Each structure stands twice: as C-alpha cells, then as structure tokens.
Amino acid sequence: MKLNLDKQESDFLDKVISDWEKQELVNAEQAQKLRDTYDVKGFDWMRLAKYSFWVALICGATSFTFLIVNDTIINWLKNLYYTPDIIISIISAAMAVFLFLWGRRRERHSPEKIFSNEAVIFTGVLFTACCIAYLGKTFDNGSGHYSILFLISVFVYGFLAYRLDSRLIWLFALVSLGSWFGTETGYQTQWSYYFLGMNYPLRFVAFGFVLVGACHLLRNSKWFNRFWELTYVIGLLYLFLSLWMLSIFGNYGSLDSWWKIKQITLFYWGIISGGVAFAFMLYGLKTKDVIAREFGITFLLIFIYTKYFEYFWDSTNHTLFFAILAVSFWLIGRKAERIWNLGSIKKNLRQPAEEI
C-alpha cells in the first residue's frame, strides 16, 4: 500500500533518495522502488463533497425559513393548522419510508455517492421525527409525559439503523436516548431540580458512565461492531460535557441558588472532573485506546483553562500563568518523551535476539 504524502513531503523524499543515489548508498533500481512506495496527494474531493452537501442542507433549511415568511405561505400554513394531527403523521411516515427506500436503493446502485446518499437518509430521519411528534399530539391526553415520544424514537431509529446499516440514524438514536433520559427523569420528579439528589449535569455524568460501560460490555458483539466507535464517542461526549458543566455549576439545581455562592466553594467538582479526564488519558495511553486518550487530554486542558478563568483571570498576571502552564506541560512532555525513548531502545534490543 502506497503512502499518500503532501507535495512538500514528497519533494523532500525525492531529494533524499536522489542524494542517496548520488552517494551510491542505493542503486538506481532500489531508488525507483523507494519512489514507488509513495504518491503525492491530490485535491481532497471527498472532503469538498461532504462539506458541500452539509452546506446544501443548511442553505435548504434557510431557504425554507425565508419561504414561510411569505404571506401566501403563511396563509397556507394557517389552513394547514386545521389539518388533523394524524393526517400529518401519516404523510410524514409515508415520506420517511419513501426516502429510506430511495436512500437504500441509491446505496446499492451508487455506493460511491456517500454524502448525497446520507443527505437523503438524513431527510428521512427528519420526517420520522415529524411523524412521531404528530403521532404524540394525536394521542396526547394532557399528562405532559412526552418523554415517551423520545423513547419511541430510540427504538424506531435503532431498528432503522440496524436494518439500513446506517451510523447516521444510529447517531439520532443515541441523541434520542439522551433526550429520553433527561425528560423522563424530569417528569418523574414533576420537573423539580433534583432526581435522586442529582441535578441535570450530575445525572448525565451517570448516564455517560453507563453508556461508556455498555460499550465495553458489547465490544465483542458482532451486531454492535459497526456502531461501537460512534456509541463510544457519544458516550464520552455525554460524560465529559456533563463533567465540565458540573465543574462550573456543581450540584445546584437553579441559577438563583448558584449565583449566591462563591465559585471557589465548588473547587472539588473541578478536581473530580480533572481526575476523571486524567484517568481516561492514562487508560488511553496504557491500552492504546486513542479515543479515550484524546478525550482525556482535550478535556483536561478544557478543565484547567475553565478553572483559570473562574479563579485567576482577574487576580493573576496572565503572562505568569501561561508561562507556568507552558513549563508544566513541557516537563510532562519531556518525561513522556524519555519513557517513549526507553521503550524504543528496549524494542530495538529485543529485535536482534529474536532474529537470532
């Protein structure tokens, strides 16, 4: 398999190989073999296609927004307002089925059109959400228990994702699962500030841990293999974003009560959040889990900078603080480099013995 290099990297290797050839370190045949191991990157058309389709969807939504401002459309929507909810739900369901079948057919006949196929599937997901929402309005009895609609969405999206083998739909299933958890815990406490003594950030920390734990339990399941990485990333996002909010607001349920306390009294939540990020970083480094490592490092830095702006921005010299941070991370980097070099030396020492 050839390496795909930038032009600057390719030029550098061409120059090095030519110098080796002049110094007779390699012959012409060996030099050509080395040159054949890499290619120059072309224009990244895939990335352009991806961004173009997303921009097209955003522009389409914007166009629709401006369209409904038109007086004629507003009058039409007023008449649509009197259309029975069940009719709108059925029409949305029919559109969703049509789009999913069309998207599936496009994937079979034109698998190379990745992003345009996903755009069709994404539109089908939106019509599915519309169908479930109006179905809920149809059978609404005034209880306010609308979290059940999110739960229905989880099963619908999960089934569609499995049958259509679509990670995009699986993403919506995971978002719906988080939405169900948040609204259901709110409903069970009659929308009070706490559920089992936990405010929203703290309960979503628990939710994130459960989702990440489920990923590790299901890692070897064949049916879950395609969705494992996406679920792991979303689980870590739930966990770390909730930890970040928890480090700021603590376990306070309302902004009124939070405004009355000093931020320094919540320092232990910052320590806990930083400790979790540090633990994930070490776990990722030890097990070569790139996702855990990157989340740990990224959010550890976010937690540090958040605490800085909370506690030290007004009272500490900015130059001094960032100098301390720079020295700290330089020392960590130097220590890590030393450990890495020792590992490389041990590996090189073992290789000759294994060859003998």
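Tutor: Let's start with a rule: a salt bridge is a side-chain nitrogen of Lys or Arg within 4 Å of a carboxyl oxygen of Asp or Glu. Please keep in mind that this model is predicted.

Student: Thanks! How many salt bridges does that rule give?

Tutor: Side chains of opposite charge can pair when their charged atoms come close. Applying the rule to this model, the count of salt bridges comes to three.

Student: Which residue forms a salt bridge with Lys33?

Tutor: Look in helix 2, which covers residues 28-35. The partner lies four residues from Lys33, about one turn of the helix. The closest N and O atoms of the pair are 4.0 Å apart, and the partner of Lys33 is Glu29.

Student: Is Glu29 buried or exposed?

Tutor: The cut-off for exposed is over 50% relative accessible area. Lys33 has 54%, so Lys33 is exposed. Glu29 has a relative accessible area of 55%, so Glu29 counts as exposed.

Student: Where is Arg226, the salt-bridge partner of Asp165?

Tutor: Asp165 and Arg226 form a salt bridge whose closest N and O atoms are 2.8 Å apart. This pair links distant parts of the chain, 61 residues apart. Asp165 sits in the loop between helix 7 (147-164) and helix 8 (167-188). Arg226 is in the loop between helix 9 (200-217) and helix 10 (228-249).

Student: What class of exposure does Arg226 fall into, at 36% relative accessibility?

Tutor: Buried means under 20% and exposed means over 50%, with partly exposed in between. Asp165, at 39%, is partly exposed. At 36%, Arg226 is likewise in the class between the two cut-offs, so Arg226 counts as partly exposed.

Student: What is the N to O distance between the side chains of Arg293 and Glu294?

Tutor: Arg293 is partly exposed, with a relative accessible area of 25%. Glu294 is partly exposed too, at 37%. Their side chains meet in a salt bridge, with an N to O distance of 2.9 Å.

Student: Let's turn to Ser176. Which residue has its backbone oxygen 2.8 Å from a polar atom of the Ser176 side chain?

Tutor: Ser176 is in helix 8. At 8% relative accessibility it falls under the 20% cut-off, so Ser176 is buried. Leaving aside neighbours within four places in sequence, Ser176 is in contact with Phe150, Ser153, Val154 and Tyr157. The backbone oxygen 2.8 Å from a polar atom of its side chain belongs to Phe172.

Student: Which helix gives the most residues to the largest nonpolar core?

Tutor: In soluble globular proteins, nonpolar side chains tend to be buried together. Here the largest nonpolar core has 48 residues, of which Phe100, Ile169, Tyr232, Leu236 and Phe240 touch the most other members. Helices supplying at least two residues each include helix 5 (85-109), helix 6 (114-138), helix 12 (267-287) and helix 13 (290-311). The one that gives the most, with ten residues, is helix 10.

Student: Which residues does Leu236 contact, leaving aside its neighbours within four places in sequence?

Tutor: Leu236 is one of the core residues that touch the most other members. With its neighbours within four places set aside, its contacts are Val212, Phe280, Ile291, Ala292 and Phe295.

Student: Finally, how much of the protein chain counts as buried?

Tutor: The chain's secondary structure comes to 14 helices and two strands. About 24,100 Å² is exposed, and carbon and sulfur atoms supply 66% of that area. Of the 356 residues, the share that counts as buried is 30%.

Notes. Residues are numbered from 1 along each chain as its sequence is written. This is a predicted model: local features need pLDDT of at least 70, side-chain atom pairs count only at pLDDT 80 or more; totals for chains, interfaces and linings use all residues. Side-chain values use heavy atoms; hydrogens and water are left out. Buried means under 20% relative accessible area, exposed over 50%, partly exposed in between (1.4 Å probe, protein chains only). A polar contact is a pair of N or O atoms within 3.5 Å; within protein, one must be able to donate a hydrogen and the other to accept it, and residues adjacent in sequence count only if both atoms are side-chain atoms. Contact means heavy atoms within 4.5 Å. Accessible areas come from the Shrake-Rupley method with a 1.4 Å probe; for residues, only the protein chains shown count as cover. A nonpolar core is a set of buried Ala, Val, Leu, Ile, Met, Phe, Trp, Tyr and Cys residues joined through side-chain atoms within 4.5 Å.
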